[in-house]
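Visitor: Can you walk me through this one? I'd like to start with where the chains meet.

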Amino acid sequence: MHVPDGFIDAPTSLAAGAVAVMGVGLCLRGARRELNERTAPLAGLVAAFVFAAQMLNFPVASGTSGHLLGGVLAAILVGPFTGALAVTTVLLVQALLFADGGLTALGVNIVTMAFVTVAFGYPFFRLLAWAMPRRRDLLPVAAAVAALVSVPVASLVFVGFYSVGGTVDLSVSSVAAAMVGVHLFIGIGEAVITGLTVASVITVRPDLVYGARGLLPRAQLELRIPTPSTAASGGQP
Amino acid sequence: MNPGSRSRRDIGVLMGFLVAALLLAGVVSYYASGDPDGLNKVAIDKQFASSEQPHDLDDSPLAGYATTGVDDERFSGGLAGVIGVAVTLVVAGGVASLIRRREPQETRPGATSGPSA
């Protein structure tokens, strides 16, 4: 969904750039509370992982591809503010080093792909996870659903920018329908990657998943005293 | 709970992400779909693709995820991917640890070292 230069006019791009700068400032403050000596390296690696995953365009319907946006994934793993910063870093590296995503469109891209995915997707994930039974194996499902929906939502925000500052005069509703339609399919890929990645980490280290906080029983160690019945069965399956 | 053993156990997850990122960007990316992405496809269908302007950095050494001067397509893309992973890791990890470090390292006198809110 990387917007190139030329799609959105200069005033709108500039306004989006201002929002992006303010948002990054907000995230830098918020991320302070999320990061500690153990999660800081994880934040860097999650950003690197999102960068790598964004290189992998997977095919969706008829001659179209899509790739992970990663906002929901990063937010769940390292926290919403840190996650938005991680995706912002990815977008900056892509635009400045790989000529992917326009320089004038950086603000639009950061707002849609880093901020909107997180600001919508992370609370949605927490709501889903809160409403579901508190089971470790259900959190990746909540993550996948939130990730799925975050993609068409981000595409709608792009349409919003287009309706304000699109350089070609078009029917907004037809662009919106086309964008949401294709991004629902891309969202399925987003859901699969997000669900599997969250599941992998939560299986080995639930305590490292920021978004799982307060949702899982705290006790990780349980005292197993052999009772006569388990002792009789040898304790081994 | 021994903090030493915990951070050593963190390394498993961290290494997992590093290895996955390097493999995906360095090797698997070669097999990625080259079809236009969702936005580009809509731009083509709705006929605003032509409003795209060339990127100012199209001549830069890694533009388009290809490494200038490396002829082998597979290696050129893989190398660009690995460089991207490294740069992203350094920038994001660097920012994260800078933010973290600015916080007062040690707890205030009299504060307990136990978990706080």
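Visitor: How many residues does each chain put into the contact?
Guide: This is a predicted model. In it, chain A brings 64 residues to the contact and chain B brings 53 residues.

Visitor: Which element of chain A gives the most to that side?
Guide: α2(A), with 13 residues. Other elements supply at least two residues each, among them α1 (10-34), α4 (80-97) and α7 (172-204) of chain A.

Visitor: And what classes of residue are on the side of chain A that touches chain B?
Guide: There are 43 nonpolar, 16 polar and five charged residues.

Visitor: Okay, new topic. How many residues are in the largest nonpolar core?
Guide: It has 103 residues. Those with the most contacts inside it are Val46(A), Val50(A), Ile76(A) and Ala86(A).

Visitor: What is Ile76(A) in contact with, leaving aside neighbours within four places in sequence?
Guide: Its contacts include Tyr122(A), Phe125(A), Val198(A) and Gly211(A).

Visitor: Which helix gives the largest share of the core?
Guide: α6(A), with 16 residues. That helix has 27 residues and reaches 39 Å from its first C-alpha to its last.

Visitor: Is α6(A) largely enclosed or open?
Guide: Largely enclosed by the rest of the structure, because 20 of its 27 residues are buried.

Visitor: Now chain B. Where is Gly84(B)?
Guide: In helix α3 of chain B, residues 73-102.

Visitor: Buried or exposed, and why does Gly84(B) count that way?
Guide: Gly84(B) counts as buried because it has 27 C-beta neighbours inside 10 Å, and the cut-off for buried is 20 or more.

Visitor: What does Gly84(B) touch, not counting residues up to four places away in sequence?
Guide: Phe51(A), Val93(A), Leu97(A) and Phe98(A) from chain A, and Ala25(B) from chain B.

Technical notes. Residues are numbered from 1 along each chain as its sequence is written. Chains are lettered from A and ligands numbered from 1 in the order in which they are written. This is a predicted model: local features need pLDDT of at least 70, side-chain atom pairs count only at pLDDT 80 or more; totals for chains, interfaces and linings use all residues. Two residues are in contact if their C-beta atoms, placed from the backbone, lie within 7 Å. Helices (H or I, at least four residues) and strands (E, at least two) are DSSP runs, numbered from the N terminus. Ala, Val, Leu, Ile, Met, Phe, Trp, Tyr, Cys and Pro count as nonpolar, Asp, Glu, Lys and Arg as charged, and the others, Gly among them, as polar. A nonpolar core is a set of buried Ala, Val, Leu, Ile, Met, Phe, Trp, Tyr and Cys residues joined through C-beta atoms within 7 Å. A residue is buried if 20 or more other C-beta atoms lie within 10 Å of its own, exposed if 12 or fewer, and partly exposed in between; C-beta atoms are placed from the backbone. The expected span of a helix is 1.5 Å times one less than its number of residues.
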